[in-house]
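Here is a friendly briefing to read alongside the structure. Take a moment to look it over before going through the points.

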Amino acid sequence: MKLSLLRRGIAVALVLLPLSSMADSVNFALVKKITLPTVDGHGDLLRYDPGNQQIYASMARSGGAVINTKTHNISHIIQGGIENPSGMSWDKNYVYWTSNAKSHGHPDDQIYVVSKQNWKVVYHFHPVGLTPDAIYANEKNHRLYVVMNDSNWIDIYSLGEKPVYLGQIPLYPTSGSGPDVGVLRAKANLLYIPDDSWEETIDLKTNKIIAKVNTALPGSVGESSHTKGQVYDEKTGDLWVGTTKGGILVLNASNLKIIKRLPSKAGIDEVALDPKYQLIYAFESKGKGFNVYNAKTLQLVGFVKTGYLSTHTGAVNPQTHEIYAYAGMDHTIFVYRPISSKP
């Protein structure tokens, strides 16, 4: 890649690092700032859909945004009553969105089904559990898995326009702060879920926990560090797990043994992977940006600063290698691209 983008005046982030798949060093260029039609605040997850090469964003307070990754413009705004959106997942026909709304001061949790044909809400329903957060659409077994924060279990539904409740998967522990955002390995019928200081592996053929480990890392004020967002690296078999106070953990996904613990500036909420460049991005709210790790050498290699709080979620487009970081207190998605430093 050339430096012509930089010569045209696009701002460059602070980090310089080597990429093992490229012959020279790169730095990160700020390609675009996508202003979202919402307010400053705690926006939530971003996700990249490889089927249509769109980024889905849960905006602060209400509504979802669909970002065209070719033009870096908002292609659709999804309303339809989605208040306080959280996670999303998809199949070839629908996007499934979780919502932690309030009605007259009381919880009004909903799951919204959005058509990919017209980007309108076609159905919504109350989940069985309390406080839906992360959600996973598994087209292999035609199941929808919804992580219920305040119930400490996973709701199971059928996929489709009108999902049908099929049961639940108990999590461990059964009480506490509750589960967070994990990662689905659909081909292997496995789901990795963080829950308080625990990390657990769920076999989706039996809907049972087959492995679990208590990371039990001490925090700066003596409290245990909780596990958070994570990614699975197909090339290495490693599971990268963010934590609230203990940096990021690299686990052996087959047995959940901790391979390494790497530092971070602050607590990590969400993690993304560029599989070709073997770079891990860990997004931090209080750090006002994201850490960059080398997945091959298991080293921290830099930090990219947005300058805004609530930069706690992000996503990667593996086709262009661009990183999308949601800076909540600027109601903006910052788009960065690795740029070769070789002329």
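The points below go from the whole chain to its cores, one sheet and one tyrosine. Please keep in mind that this is a predicted model. The protein contains 31 strands and one helix, and 59% of its 343 residues count as buried.

**The protein as a whole**
- The accessible surface adds up to about 14,100 Å², and carbon and sulfur atoms account for 50% of that area.
- If you take the contacts between residues at least 6 apart in sequence, 45% of them join residues at least 24 apart.

**Nonpolar cores**
- The largest nonpolar core is made of 25 residues.
- Within this core, the residues with the most contacts are Tyr56, Val95, Trp97, Tyr136, Ile154, Ile193 and Ile202.
- Several strands supply at least two residues each to this core, among them strand E6 (73-83), strand E8 (94-103), strand E9 (106-115) and strand E16 (190-195).
- Another core, of 16 residues, lies apart from the largest one, and its members include Phe28, Leu30, Ala272 and Val292.
- Tyrosine 136, listed above for its contacts inside the largest core, touches residues including Ser89, Arg143, Leu144, Val181, Leu191 and Ile193, leaving aside residues up to four places away in sequence.

**A four-stranded sheet**
- Four strands, in the order E21-E22-E23-E24, build an open sheet with antiparallel pairing.
- Its edges are strand E21 (227-233) and strand E24 (258-262), each of which pairs on one side only.
- On average, neighbouring strands of this sheet are turned by 20 degrees against each other, direction ignored.
- Five bridges link E21 to strand E22 (residues 238-243) in the antiparallel sense.
- Valine 231 has tryptophan 240, in E22, as its bridge partner.

**Tyrosine 112 up close**
- Tyrosine 112 sits in strand E9, one of the strands that supply at least two residues to the largest core.
- Is tyrosine 112 buried or exposed? Its relative accessible area is 5%, which is under the 20% cut-off, so tyrosine 112 counts as buried.
- Among the residues that tyrosine 112 touches are Gly80, Ile82, Val95, Trp97, Val121 and His124, not counting residues up to four places away in sequence.
- Serine 99 is also touched by tyrosine 112; the two residues are 13 apart along the chain, and their C-alpha atoms are separated by 7.6 Å.
- Which backbone atom does the side chain of tyrosine 112 reach? That side chain comes to 2.8 Å from the backbone oxygen of glycine 81.

Notes:
Residues numbered from 1 in each chain as written. Predicted model: local features only at pLDDT ≥ 70, side-chain atom pairs only at ≥ 80, totals over all residues. Heavy atoms only, no water. Pairing = 2+ DSSP bridges. Axes fitted to C-alpha atoms, helices over the stretch in contact; angles between N-to-C directions. Core = buried A, V, L, I, M, F, W, Y, C linked by side-chain atoms within 4.5 Å. Buried < 20%, exposed > 50% of the residue type's maximum accessible area, 1.4 Å probe, protein only. Contact = heavy atoms within 4.5 Å. Areas by Shrake-Rupley, 256 points an atom, 1.4 Å probe, with all protein chains shown as cover. Polar contact = N/O pair within 3.5 Å; in protein donor to acceptor, adjacent residues only side chain to side chain.
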